[in-house]
Amino acid sequence: MRAALREARKAAEAGEVPVGAVVVHEGRILGRAHNQRETLKDPTAHAEMIALTQAASALSSWRLEGADLYVTLEPCLMCAGALVHARIRKVVFGAKDPKAGACGSLYQVGLDPRLNHRFEVEGGLLEGECAALLQEFFRERR
């Protein structure tokens, strides 16, 4: 999660919402990214999506079985859907997202038995630090 927090700080420095993510497989970080929606002018350029793409490239496979995602903010519906499709093993997030969270707050995408894949979810890792980074970012913009 510390690596994801470093990525989130990079996002804040670039004027992006400070969310960072890393994909870990067999103890190695295969993907690391931060939000880049403003920079890339791309609504899908969430930290999770970019980190998944990097990890898939590193493994030469879209199937990320056995990989875990660490992200500073609970994934949204788009990202949670991508995590299902990527066959991620586990998602560990920091701060909850009561307005858009799809891994416990609004939806339980990763645990939905109707989908072809499910993943474990653990929330609250370094939650205070992750939430403070987001709160500070939005406080400065208001």
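This is a short tour of the structure, stop by stop, with something to select at each one. Keep in mind that the model is predicted.

**Stop 1: two helices side by side**

Start by selecting residues 2–13, which form helix α1, and then add residues 127–141, which form helix α5. The axes of α1 and α5 come within 11 Å and cross at roughly 5°. An angle under 35 degrees counts as roughly parallel, so α1 is roughly parallel to α5. Now show the side chains where the two helices meet. On the α1 side, pick Arg2, Leu5, Ala8, Arg9 and Ala12. On the α5 side, pick Glu129, Cys130, Leu133, Phe137 and Arg141. Coloured by class, the residues of this contact come out as six nonpolar and four charged, with no polar ones.

**Stop 2: the largest pocket**

Keep α5 in view, and look for the largest pocket. Which residues lie nearest its centre? Select Val17, Leu73, Asp97, Leu134 and Phe138 to find that spot. The pocket has a volume of about 550 Å³, and 22 residues line it. Helix α5 gives the largest share of that lining, with four residues. If you colour the lining by class, you should count 12 nonpolar, seven charged and three polar residues.

**Stop 3: Thr72 in strand β3**

Next, select residues 67–73, which make up strand β3, and pick out Thr72 within the strand. Is Thr72 buried or exposed? Its relative accessible area is 2%, so Thr72 is buried. Show what surrounds Thr72: beyond its neighbours up to four places away in sequence, Thr72 touches Met1, Ala4, Leu5, Ala8, Pro18, Val19, Gly20, Gly94, Ala95 and Cys130. Some of these names come from the first stop: Leu5 and Ala8 belong to the α1 side of the helix contact, and Cys130 to the α5 side.

**Stop 4: Ala51 in helix α3**

Move to residues 47–59, helix α3, and click on Ala51. Ala51 has 0% relative accessibility and therefore counts as buried. With neighbours within four places in sequence set aside, its contacts are Ala21, Val23, Gly31, Arg32 and Ala33. Try a distance here too: the C-alpha atoms of Ala51 and Gly20 are 9.0 Å apart, although 31 residues separate them along the chain.

**Stop 5: helix α4 and what covers it**

Now select residues 77–86, helix α4. Which residues of α4 are buried? They are Cys79, Ala80, Ala82, Leu83, Val84 and Ala86. Their cover includes α3, β3 and β4, the last of these being residues 90–95. Just after α4, check the backbone of Arg87, where phi is positive at about 65°.

**Stop 6: the loop between α3 and β3**

Two residues are worth selecting in this loop: Leu64 and Glu65.

- Leu64 is at 1% relative accessibility, so it counts as buried. Leaving out residues up to four places away in sequence, Leu64 touches Leu52, Ala55, Ala56, Leu59, Ala86, Arg87, Ile88 and Arg89. From Leu64 to Leu30 the C-alpha distance is 10 Å, with the two residues 34 apart in sequence.
- Glu65, with residues up to four places away in sequence not counted, touches His25, Ala86 and Arg87. Draw a line from Glu65 to Gly123, C-alpha to C-alpha, and you get 20 Å for residues 58 apart in sequence.

**Stop 7: Glu26, Arg28 and Leu126**

Finish with three single residues. Glu26 lies in the loop between β1 (20–25) and β2 (28–34). Its phi is near 50°, a positive value in a residue other than glycine. Glu26 has 74% relative accessibility, so it counts as exposed.

Arg28 lies in strand β2. With a relative accessible area of 53%, Arg28 is exposed too. Its C-alpha atom is 9.5 Å from that of Ala67, 39 residues away along the chain.

For the last selection, go to the loop between β5 (120–123) and α5, where Leu126 lies. Leu126 has a positive phi as well, near 55°. How accessible is Leu126? At 26% relative accessibility, Leu126 counts as partly exposed.

Technical notes: Residues are numbered from 1 along each chain as its sequence is written. This is a predicted model: local features need pLDDT of at least 70, side-chain atom pairs count only at pLDDT 80 or more; totals for chains, interfaces and linings use all residues. Side-chain values use heavy atoms; hydrogens and water are left out. On a 1 Å grid over the protein atoms alone, a cavity is a set of points where a 1.4 Å probe fits but cannot get out, and a pocket is an open set with protein on both sides within 12 Å along at least five of seven lines; lining residues have an atom within 4 Å of a point. Grid points are joined across faces, edges and corners, and a volume is the space filled by probe spheres set on the points. Ala, Val, Leu, Ile, Met, Phe, Trp, Tyr, Cys and Pro count as nonpolar, Asp, Glu, Lys and Arg as charged, and the others, Gly among them, as polar. Axes are lines fitted to C-alpha atoms, for helices over the stretch in contact, and angles run from 0 to 180 degrees between N-to-C directions. Angles under 35 degrees count as roughly parallel, over 145 as roughly antiparallel, 65 to 115 as roughly perpendicular and the rest as oblique. Contact means heavy atoms within 4.5 Å. Buried means under 20% relative accessible area, exposed over 50%, partly exposed in between (1.4 Å probe, protein chains only).
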